[in-house]
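The following exercises concern charged side chains, burial and backbone geometry. Each task is followed by a solution in steps.

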Amino acid sequence: MSAPLIRADGLGVSYGALEALSGISLEVRAGDRLAIIGESGSGKTTLALALAGLLPAAADLSGGLAWPVWGGRPRAGRDTGIVFQDASGCLDPVMRVGEQVGEVVEAHRGTTDAVELLRLVELPDPASIARAYPHQLSGGQRQRVALALALAGAPRLLVADEATSALDPVVQARIAELIERLCAARGLTLVFVTHDIALAARLGTRLAVIYAARLVECGNTADVIAAPRHPYTRALLSAHLDLSPRADRPLPTVPGQPPAAGAWPAGCRFAPRCARAEDRCLSGIPQWRGRADAGAACILADAASA
Ligand SMILES: Nc1ncnc2c1ncn2[C@@H]1O[C@H](COP(=O)(O)OP(=O)(O)OP(=O)(O)O)[C@@H](O)[C@H]1O
Ligand SMILES: [Mg+2]
């Protein structure tokens, strides 16, 4: 098997005293489309940024994080492209779209031009879009421009953090399909954060479930959905039997509150909300069960997957 693009080995990330991620072991292989799901504040964005080598300087890393294919931290824009939820954040309101895309292409010494990139993201009449200002475009069009900017340096890895969450359901579905086509056509590896399990199921080939800064389950998306091993994953899925995509649907609610960041309970962090918790769950962090690339951190995982 080829070397992974990204390998996290017991990765921890802290912002000062706040532990945003702990003990994350995970590989991303070329061609994977990895969905990261979990509740708000669980560490999804931190994980996506860490995997792309884009954490802010304020973040303290521990454990291992390597990019074997690149041999070092990937170059932002050149090896990795990133798209966030709010496209306006990456667009200058007083500059024509084509000039902005052109500048990024030039910065990366790309061979394509702005109109070609706008065509790539399937914007209708890309030449007139290039002459427009961002406010003259719809939200979906702006998000396509953001995608064009992310792809301007012809990166191998695309990171999308809630990139379609703010859009209406039909537009969200179209952009998700576009991202899927781009991944196939350009051999892109995708890491995406979403609150929508249906989107994770449709667009993802791999699934990572984060709970309270820890990876609680990972595996091939279809396998995890067919037979979730962790009670948290099971709770998410059972609260969400309808897997048709809808942008306005938040992550299903699991009874109880997630622990406050940094105030983690000893033992399994999900135990206080877990209907199946036993005394031993409250004492030690559960070991990972199953394979490194398909398993869960739960003492019940073996039994659950049998
Ligand atoms: N730059 C930062 N400085 C300090 N703390 C941060 C920073 N970025 C994230 N955090 C903290 O790290 C924890 C994880 O945040 P993160 O943004 O990764 O969560 P998330 O799962 O993406 O949440 P959401 O679904 O709300 O986007 C949170 O407690 C957050 O407040
Ligand atoms: Mg986030």
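**Exercise 1.** In this predicted model, determine whether Asp79 is buried or exposed, and describe its surroundings.

*Solution.*
Step 1. The relative accessibility of Asp79 is 8%. Buried means under 20% relative accessible area, so Asp79 counts as buried.
Step 2. Asp79 is placed in the loop that runs between strand E4 (59-66) and strand E5 (80-83).
Step 3. Asp79 has a salt bridge to Arg75, in which the closest N and O atoms are 3.1 Å apart.
Step 4. A polar atom of the Asp79 side chain also lies 2.7 Å from the backbone nitrogen of Arg75. Asp79 thus has a salt bridge with Arg75 and a polar atom 2.7 Å from the backbone nitrogen of that residue.

**Exercise 2.** State how many salt bridges a search of the whole structure finds, then examine the pairs Glu27 with Arg29 and Asp293 with Arg291.

*Solution.*
Step 1. The search of the whole structure yields 10 salt bridges.
Step 2. In one of them, Glu27 pairs with Arg29, and the closest N and O atoms are 3.2 Å apart.
Step 3. Glu27 has 31% relative accessibility and counts as partly exposed. Arg29, at 23%, likewise counts as partly exposed.
Step 4. Glu27 and Arg29 belong to a network of salt bridges that also includes Arg7.
Step 5. Asp293 and Arg291 form a salt bridge through their side chains, with an N to O distance of 2.9 Å.
Step 6. Asp293 is partly exposed, at a relative accessible area of 35%, whereas Arg291 reaches 55% and counts as exposed.

**Exercise 3.** Identify the residues that form a negative surface patch, and locate Glu106.

*Solution.*
Step 1. The negative surface patch consists of Asp92, Glu99, Glu103 and Glu106.
Step 2. Glu106 is part of helix H2, which covers residues 97-107.
Step 3. Patch members must have over 30% relative accessible area and no salt bridge. The relative accessible area of Glu106 is 64%, so this residue is exposed.

**Exercise 4.** Ala154 and Ala212 both have a positive phi. Give the value, the location and the exposure of each residue.

*Solution.*
Step 1. The phi of Ala154 is near 50°, a positive value although the residue is not glycine.
Step 2. Ala154 sits in the loop between helix H5 (139-151) and strand E6 (157-161). Its relative accessibility is 51%, and Ala154 therefore counts as exposed.
Step 3. For Ala212, also not a glycine, phi is positive at about 45°.
Step 4. Ala212 occupies the loop between strand E8 (206-211) and strand E9 (214-220). With 6% relative accessibility, Ala212 counts as buried.
Step 5. The two loop residues can now be set side by side: Ala154 is exposed, while Ala212 is buried.

**Exercise 5.** Describe the setting of Ala114, and state how far apart Ala114 and Trp288 are in sequence and in space.

*Solution.*
Step 1. Ala114 is found in helix H3, which comprises residues 114-120.
Step 2. The relative accessibility of Ala114 is 12%, and the residue accordingly counts as buried.
Step 3. Along the sequence, 174 residues separate Ala114 from Trp288. In space, the distance between the two is 47 Å, taken from C-alpha to C-alpha.

Terms used: Residues numbered from 1 in each chain as written. Chains lettered and ligands numbered in written order. Predicted model: local features only at pLDDT ≥ 70, side-chain atom pairs only at ≥ 80, totals over all residues. Heavy atoms only, no water. Patch = residues over 30% accessible without salt bridge, like charges linked within 9 Å, V, L, I, M, F, W, Y side chains within 5 Å. Areas by Shrake-Rupley, 256 points an atom, 1.4 Å probe, with all protein chains shown as cover. Salt bridge = Lys/Arg side-chain N within 4 Å of Asp/Glu carboxyl O. Lys, Arg positive; Asp, Glu negative; His and termini not counted. Charge placed at Lys NZ, Arg CZ, Asp CG, Glu CD. Helix = DSSP H or I, 4+ residues; strand = E, 2+ residues; numbered from the N terminus. Buried < 20%, exposed > 50% of the residue type's maximum accessible area, 1.4 Å probe, protein only. Polar contact = N/O pair within 3.5 Å; in protein donor to acceptor, adjacent residues only side chain to side chain.
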